[in-house]
Amino acid sequence: MSKIGVFICHCGENISATVDCEKVAAEAGKMEGVEFATDYKYMCSDPGQTLIKNAIKEKGLTGVVVGACSPRMHEPTFRKACAEAGLNPYLCEMSNLREHCSWVHEKNEQTTEKAIDLVKMLVEKVKKNKPLNAIKVPITKKALVIGGGIAGIQAALDIANAGQQVIMVEKEPSIGGHMSQLSETFPTLDCSQCILTPRMVEVAQHPNITLYTYAELEHLDGFIGNFKATIRLKAKSVDYKLCTGCGLCTTKCPSKKIPSEFNEGLGMRTAIYTPFPQAVPNKPVIDRANCTYYQKGKCKVCEKVCPTGAIQYDLPDQFITEDIGAVVIATGFNVLKTDFFPEYGYGKYADVLTGLQFERLASASGPTLGEIRRPSDGQIPKKIVFIACSGSRDPAKGIPYCSKICCMYTAKHAMLYQHKVHDGESYVFYMDIRAGGKNYEEFVRRAIEDDGVNYIRGRVARIYEKGGKYIVKGADTLLGSKPVEIEADMVVLATAGVSNPGAEELAQKMHVSYDAYKFFAEAHPKLKPVETNTAGIFLCGACQAPKDIPETVGMASGAAAKVIGLFSNSELTREPLIAVVNRSAPPVFSTCVGCCMCQTACPYNAIEREEIKGRDGSVIKTVAKVNPGLCQGCGTCVAFCRSKAIDMQGFSNEQMFAEVMALLNE
Amino acid sequence: MKKLGFYPGCSLKGSSSEYAQSVLAVAKAFDLELTEINDWNCCGATAAHNMNKELALSLSARILALAEKQGMTEVVVPCAACYNRLTVTQHELNKDEALKQRVSDIIEMPISGNLQILNVMQLIDKYVADRLEEKVTTPFGHKVACYYGCLLVRPHNILQFDRLEDPQSMDILMKRSGAEPIAWGFKTECCGAGFSVSRTDVVAKLSGNIVKDAADRGAEAIIVACPMCQSNLDMRRPQINEYLKQKIDIPVLYITQAIGLAVGLSPKEVGLQKHFVPVEFSEQH
Amino acid sequence: MIANQKSILELQQHTGVNVNRCYQCGKCSAGCQLADEMDFPPSMVMHMLQTRDEELFQQLLNSKTIWLCVSCQNCIERCPMSIDIPQIMDYLREKSAGEHKINHQSRDIVAFHRAFLDSIKYTGRLYEIGLIAGYKTRTFHLTQDVKLAPKMYAKGKLPLVPEMIKGTRNIKGIFSRTKH
Ligand SMILES: Cc1cc2nc3c(=O)[nH]c(=O)nc-3n(C[C@H](O)[C@H](O)[C@H](O)COP(=O)(O)OP(=O)(O)OC[C@H]3O[C@@H](n4cnc5c(N)ncnc54)[C@H](O)[C@@H]3O)c2cc1C
Ligand code: SF4
Ligand code: SF4
Ligand code: SF4
Ligand code: SF4
């Protein structure tokens with residue numbers, strides 16, 4: 001026989017202003033199975049909780065209903081109080097008399113009637129509640145960081161410095177990402193490489209970090225605290241244990257005309273190559289698609305010159321699996337090339353560059369050693385035009401969103417140009433200058449006021465080449481949209497920041513969501529910016545949307561803090577409000593018929609198949625099984641199950657029917 | 001012999017008769033029979049388009065309806081302006097059933113809207129291309145600036161012909177006829193279109209910029225596929241030269257004239273004598 | 001400013017263009033080859049419409065711009081927001097002519113269009129001599145291009161007799177049924 005206690009809270013006046021709380025308590029006291037009912041001004045306060053605890057002990061209650069505010073607010077509070085008094089916390093339910101009743105109705109009879117009904121439903125439900133125990137899941141304290149740009153580097157170092165193990169996977173032969181390509185960085189103009197390379201080295205040398213370059217995630221299984229990652233180690237064709245990084249092979253390789261990715265095609269590299277002199281690790285890989293030996297079967301020059309015998313031509317890709325507890329996605333972004341704009345020449349003009357290419361020209365480590373020179377003829381451009389929003393804010397041909405970083409780097413580019421070419425003239429065509437950020441507006445003003453960069457408000461309609469000059473046809477909208485024509489020696493397009501080509505595939509491998517532009521999606525745009533919708537998988541940096549370095553680093557430390565927080569426990573406690581497939585005595589074992597419709601329905605891939613085996617090991621029956629680590633308690637499977645074999649703990653069909661019947665059996 | 005419908009349009013019957021002449025001569029050289037749509041009318045051109053949209057649609061629709069009635073499925077329309085008007089009209093009618101019905105009532109003829117409308121590049125591409133090289137007897141060995149203008153390529157989503165800003169179809173055909181097409185900056189800029197009479201000054205300026213860019217880059221001829229472009233660049237050359245304060249005498253040929261010469265037709269057969277700017281190098285052929 | 005939602009609503013209904021989508025980047029004006037000649041370059045036209053100011057709307061109906069636009073479609077093909085400016089120009093022209101608000105400096109352009117349409121109306125096709133004669137009587141530019149015509153004739157580019165189509169009644173019908 002149930003002995004239910006009902007506790008009605010006034011919530012100051014939040015509830016009692018429109019609901020007659022005393023009457024609700026009195027009516028509840030008359031309900032079948034209710035042993036004790038009372039009301040109190042602040043049930044969540046210490047005296048309120050004591051009231052509940054005492055009643056449990058004194059009256060021997062078997063269930064508790066608290067009629068108060070939203071369970072989102074105080075369910076944990078009241079459940080804890082019950083547990084302290086010796087009652088299983090899942091035998092405590094809350095009826096929301098505030099948001100669902102007092103706040104949304106006038107003060108009158110019916111409002112109180114409704115409150116009584118709400119309480120009655122929960123009284124009927126709680127009679128069917130079963131004691132449940134929180135689920136404990138062990139945690140593997142090792143994080144996988146995917147992507148070795150500044151985001152991945154920061155996250156990995158933070159986690160490693162907190163004493164946890166990190167595996168970093170980077171698809172290129174070196175870590176560093178886009179930041180390693182930058183010349184100087186806004187808004188302080190410090191040298192990108194100078195602040196980045198020490199951190200790259202730190203990653204390589206950190207005892208807690210295992211670095212896999214030229215590697216990609218192949219497969220990810222499991223759930224928070226218990227992932228299993230399969231990593232593909234692409235064949236480098238060089239044995240890193242033997243290679244000393246002397247670089248002899250790269251000087252002798254006869255295949256020298258391969259556009260360098262690091263220099264954005266403005267320089268050439270060999271088939272066996274390290275992307276740049278400060279690369280980490282500073283050892284080469286063979287790019288098989290461009291290697292003479294792999295393509296034509298003859299060459300092996302590198303093998304001949306290598307003093308340590310490190311070259312290995314025949315090794316295939318290798319696969320390793322790692323147990324990990326959390327994942328940080330830090331795969332970054334990309335920029336559009338110049339070729340997608342018909343009106344800017346379809347990419348056919350040698351001196352119409354992307355911002356990233358300009359960074360390479362301006363960088364001391366670049367193909368011109370930091371001098372701004374035209375790729376076409378090596379001349380120093382005397383007149384240069386920068387075009388902001390190239391492909392950004394352009395639903396017709398590009399992407400509708402603002403890429404956020406280009407206003408700032410364009411100001412930086414114009415500034416660097418003026419610093420390097422004193423008699424040069426620079427023009428920036430812009431629509432708006434978006435310089436929100438500490439010292440950002442001041443930075444742009446400096447470009448305009450001190451360095452004399454000409455800002456023209458208008459977009460450029462077209463560019464064409466004539467006699468070695470680029471005719472840029474724009475308009476000055478602040479002069480009544482007067483057409484402006486500039487004969488430029490070089491044009492730099494601030495091309496849109498877009499997601500990485502492989503981002504969608506990676507997201508699907510990990511079952512995390514992504515947005516319409518294939519950027520990884522955060523779990524909540526405001527309150528969960530570094531979480532994904534899959535527990536245990538976090539994200540940071542430009543893989544979520546284009547962003548600058550300060551923001552990337554802040555976000556990376558945020559993601560690291562989440563991982564460190566997760567790893568601070570050895571076990572994970574989860575609410576037991578999950579689906580379970582019923583079990584019964586042989587020969588039935590379960591009403592589950594093994595159709596596994598639920599498996600296809602589950603959005604979290606939490607359902608597996610389980611074979612029930614006889615003593616001799618033969619399979620008697622295959623049934624569905626819910627992985628308690630993965631199940632999020634959404635209930636989709638319950639709706640799909642045709643044999644009613646799957647049910648939600650804490651929200652069972654029986655409990656739901658009891659609530660509904662309580663209303664119908666007036 | 002392949003039979004196709006043919007819409008010459010008014011210009012080809014008058015001021016651009018050499019275009020019609022060369023289209024027909026080239027068609028004949030490649031065993032294509034072009035049958036004129038019987039009793040066709042003017043498409044209305046810019047005038048109707050500017051003054052009365054419904055009239056513009058109806059005039060073009062009458063042509064489409066006549067072609068359909070006469071059992072044609074493919075119609076060759078050499079004039080870029082007519083090609084544009086007819087294609088856009090068919091598109092708009094197909095997009096909006098109610099409009100199609102209304103226009104059909106106005107022209108007192110049914111219209112189904114499934115004609116294949118071909119400009120000359122499409123005609124050559126579709127029916128001549130694979131035989132072009134073998135027929136070339138006197139390669140058109142000159143540097144040419146292929147000028148497309150507005151009406152062949154825009155609106156892109158409706159015409160679906162070639163690519164914007166830097167189209168290639170004419171360049172490719174000219175190259176295969178032995179010419180050397182140049183890269184230049186005014187392939188699809190406007191020549192001043194229908195302002196030839198009412199705003200000759202505008203035409204002189206716009207066409208002047210085009211002619212100048214071609215000349216500066218060493219083009220020996222400008223190749224066009226539109227009577228309006230041709231007459232602006234050719235017949236208005238005195239005004240152009242006056243605007244440029246420079247005498248530029250590179251001729252302006254229809255693509256069918258150039259190809260005609262390449263496949264061995266005589267200058268007379270393709271109507272070169274009708275040009276205002278003399279086509280001088282034709283003597284060498 | 002006299003705000004008038006109605007003119008803009010009507011325009012939006014007829015053209016299907018939401019004028020608020022234009023974000024005033026100026027790319028259309030930058031590429032428009034007639035912008036130099038126009039009293040209001042295309043992006044300015046868009047902004048004038050955005051204000052919903054009736055006075056500015058009337059200025060547009062009375063502008064040179066709408067008659068100078070050659071519908072070359074460069075603006076829409078380059079506009080990041082795909083604003084159909086040529087369509088807006090079409091609408092404004094038709095409205096300007098309908099309400100007799102044609103800019104007086106643009107009369108020649110309109111006269112040419114009208115002479116052109118007259119020619120089609122009576123013969124079904126364009127009769128170039130008729131067109132020029134019609135244009136000259138409408139504009140009194142009697143001596144314009146006098147030297148050109150004989151040359152054209154000599155080159156066989158100017159037939160003296162108009163080609164009459166058989167369906168002239170049908171054409172006249174089309175003209176009268178589309179007259180508003
Ligand atoms: C032209 C230009 C100039 C800029 N200038 C400045 C500036 O002056 N100041 C400033 O603050 N910001 C600047 N930025 C922005 C800055 O580049 C970014 O904020 C920063 O690079 C973002 O870092 P990230 O690590 O998130 O991404 P990225 O730098 O893109 O790094 C991502 C890394 O992940 C790797 N990766 C990608 N996919 C995978 C995969 N599937 N598996 C494994 N690894 C993968 C990539 O190879 C790369 O190493 C500029 C950007 C540009 C385009
Ligand atoms: S020559 Fe050998 S040791 Fe030197 S960098 Fe190349 S692979 Fe390494
Ligand atoms: S950051 Fe500036 S340049 Fe880049 S898309 Fe946004 S507004 Fe345009
Ligand atoms: S190009 Fe488009 S968005 Fe830009 S001003 Fe012109 S109409 Fe507006
Ligand atoms: S369509 Fe009209 S407004 Fe647009 S670019 Fe051409 S002439 Fe200018």
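Tutor: A polar contact is a pair of N or O atoms within 3.5 Å. The model here is predicted.

Student: Which side chain has an N or O atom 2.7 Å from an oxygen atom of ligand 1?

Tutor: A polar contact needs two N or O atoms within 3.5 Å. Here one atom is an oxygen of ligand 1 and the other is a side-chain N or O atom, 2.7 Å away. The side chain belongs to K412(A).

Student: How much of the area that ligand 1 exposes when taken alone does the protein bury?

Tutor: Taken alone, ligand 1 exposes 1000 Å². The share of this area that the protein buries is 96%.

Student: Which residue has a backbone N or O atom 3.2 Å from an oxygen atom of ligand 1?

Tutor: Backbone atoms can also pair with ligand 1. A polar backbone atom of F333(A) is 3.3 Å from a ligand oxygen. The backbone atom at 3.2 Å belongs to I150(A).

Student: Why does ligand 1 lie between two domains of chain A, and which are they?

Tutor: The shell around ligand 1 takes residues from both domains, so the ligand lies between them. One runs over 135-234 + 317-332 + 500-571 and the other over 336-498. They are domain 2 and domain 4.

Student: How many charged residues does the shell around ligand 1 have?

Tutor: In total, 37 residues surround ligand 1. By class, 17 are nonpolar and twelve are polar. The charged residues number eight.

Student: How many charged residues does the shell around ligand 5 have?

Tutor: The residues around ligand 5 include C32(C), P42(C) and M89(C). By class, eight are nonpolar and two are polar. The number of charged residues is none.

Terms used. Residues are numbered from 1 along each chain as its sequence is written. Chains are lettered from A and ligands numbered from 1 in the order in which they are written. This is a predicted model: local features need pLDDT of at least 70, side-chain atom pairs count only at pLDDT 80 or more; totals for chains, interfaces and linings use all residues. Side-chain values use heavy atoms; hydrogens and water are left out. A residue is near a molecule or strand if one of its heavy atoms lies within 4 Å of it. A polar contact is a pair of N or O atoms within 3.5 Å; within protein, one must be able to donate a hydrogen and the other to accept it, and residues adjacent in sequence count only if both atoms are side-chain atoms. Accessible areas come from the Shrake-Rupley method with a 1.4 Å probe; for residues, only the protein chains shown count as cover. Ala, Val, Leu, Ile, Met, Phe, Trp, Tyr, Cys and Pro count as nonpolar, Asp, Glu, Lys and Arg as charged, and the others, Gly among them, as polar. Domain bounds come from an automatic or database domain assignment.
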